[in-house]
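User: I have a model open in my viewer and would like to understand the terms people use for it. Could you take me through them, with the reasoning behind each one?

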Amino acid sequence: DSNKYRNLYENSPALHRTINLDGIILDCNQSYANRFGCSKKEIIGSSIFDHIADEDHDALKNSFETWKDTGYLASRELWFQTKTGDKFPALISASNLRDSDGNLIGSNTILRDITDFYKSLEIEKERNQVLEDMEELKSINKYLVFNLS
């Protein structure tokens, strides 16, 4: 039965990591390692703060404290940074991980990469700008035709 859950964790397309109360990554799935451009060996033992974009360091600290205070974190948007310095947005959610006595020992965290969502927003903005530019050109054209005839 634990193999079934291990397979779900390991083979998920979502980015999974398991951390302790100090924010040290104890485990991650291959999707997580691949997205950050690292091997699992490089990631395990590192801090969650090693993978955050500089501008969101404080936001991650706040999210980490929120999870520690409430035991829950849902769909908080943060910007992460890969080994090569590329940045990407993700929604982060965390749930408690407890030992056999019920003591809090860490969290299971899921990151959902929303890069494609941001790309589609950019495309939509560009499309709207083109439509606005076309309307402006039509207006200029009408003005010129009217005034030059």
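Analyst: Gladly! Along the sequence, the chain follows the pattern α-β-β-α-α-α-β-β-β-α, which comes to 5 helices and 5 strands. Please keep in mind that this is a predicted model.

User: How do you know which strands are the edge strands of the sheet?

Analyst: The order is what tells you. The sheet is open and holds 5 strands, arranged β2-β1-β5-β4-β3 with antiparallel pairing. Each of β2 (25–28) and β3 (72–81) pairs on one side only, and these are the edge strands. Between neighbouring strands of the sheet, the average turn is 30°, direction ignored.

User: What makes β3 and β4 a pair?

Analyst: Two strands count as paired if there are at least two bridges between them. Here 8 bridges join β3 to β4 (residues 87–98), and the two run antiparallel. You can find the register on screen: Glu77 stands opposite Leu91, and Leu73 faces Ala94. The hairpin they make has 5 residues between the strands, and Gly85 takes a positive phi near 95° there.

User: How do you know that β4 is also paired with β5?

Analyst: By the bridge count again: 9 bridges join β4 to β5, against a requirement of at least two. These strands run antiparallel as well, with Ser95 in β4 opposite Asn108 in β5. They form a hairpin with 5 residues between them, and Gly102 in the turn has a positive phi of about 90°.

User: Which helices lie across the sheet strands, and at what angles do they run?

Analyst: Helix α1 (residues 2–11) lies across β1 (15–20), β2 and β5 (104–113), and runs at about 90° to β2. Helix α4 (residues 57–70) lies across β1, β3, β4 and β5, at about 160° to β3.

User: Why is the Phe36 and Phe80 pair called edge-to-face?

Analyst: Two numbers settle that. Ring centres must lie within 6.5 Å for a pair, and planes over 60 degrees apart count as edge-to-face. The centres of Phe36 and Phe80 are 6.2 Å apart and their planes stand at 85°, so the pair is edge-to-face. Because Phe36 lies in helix α2 and Phe80 in strand β3, the pair ties together parts that are 44 residues apart in sequence. The structure holds 6 aromatic pairs, and Tyr32, Phe36, Phe80 and Phe88 form one aromatic cluster.

User: Are those two rings buried or exposed, and how do you know?

Analyst: Buried means under 20% relative accessible area. Phe36 comes to 1%, so Phe36 counts as buried. Phe80 has a value of 0%, so Phe80 is buried too. Across the 149 residues of the chain, 34% count as buried.

User: What makes up the largest nonpolar core?

Analyst: That core has 22 residues, and the members touching the most others are Tyr32, Phe36, Ile43, Phe80 and Leu111. Two or more residues come from each of β1, β2, α2 (30–36), α4, β3 and β4. The largest share, 4 residues, belongs to β4.

User: What does Ile43 touch, leaving out residues up to four places away in sequence?

Analyst: Ile43 touches Ile25, Cys28, Tyr32, Ala33, Phe36, Cys38 and His51. For the chain as a whole, residues 24 or more positions apart account for 38% of the contacts with a separation of 6 or more.

User: Why is Thr70 called exposed?

Analyst: The cut-off for exposed is over 50%. Thr70 has a relative accessible area of 55%, so Thr70 is exposed. You will find Thr70 in helix α4, with its C-alpha atom separated by 9.6 Å from that of Asn96, 26 residues apart along the chain.

User: What makes the side chain of Thr70 a partner in polar contacts?

Analyst: The distance limit for the N or O atoms is 3.5 Å. A polar atom of the Thr70 side chain lies 2.8 Å from the backbone oxygen of Thr66. The backbone oxygen of Tyr72 lies 2.9 Å from a polar atom of that Thr70 side chain. Both distances are within the 3.5 Å limit, so each is a polar contact.

Note on methods:
Residues numbered from 1 in each chain as written. Predicted model: local features only at pLDDT ≥ 70, side-chain atom pairs only at ≥ 80, totals over all residues. Heavy atoms only, no water. Axes fitted to C-alpha atoms, helices over the stretch in contact; angles between N-to-C directions. Contact = heavy atoms within 4.5 Å. Core = buried A, V, L, I, M, F, W, Y, C linked by side-chain atoms within 4.5 Å. Buried < 20%, exposed > 50% of the residue type's maximum accessible area, 1.4 Å probe, protein only. Polar contact = N/O pair within 3.5 Å; in protein donor to acceptor, adjacent residues only side chain to side chain. Phe/Tyr/Trp six-rings, centres within 6.5 Å; stacked < 30°, edge-to-face > 60°.
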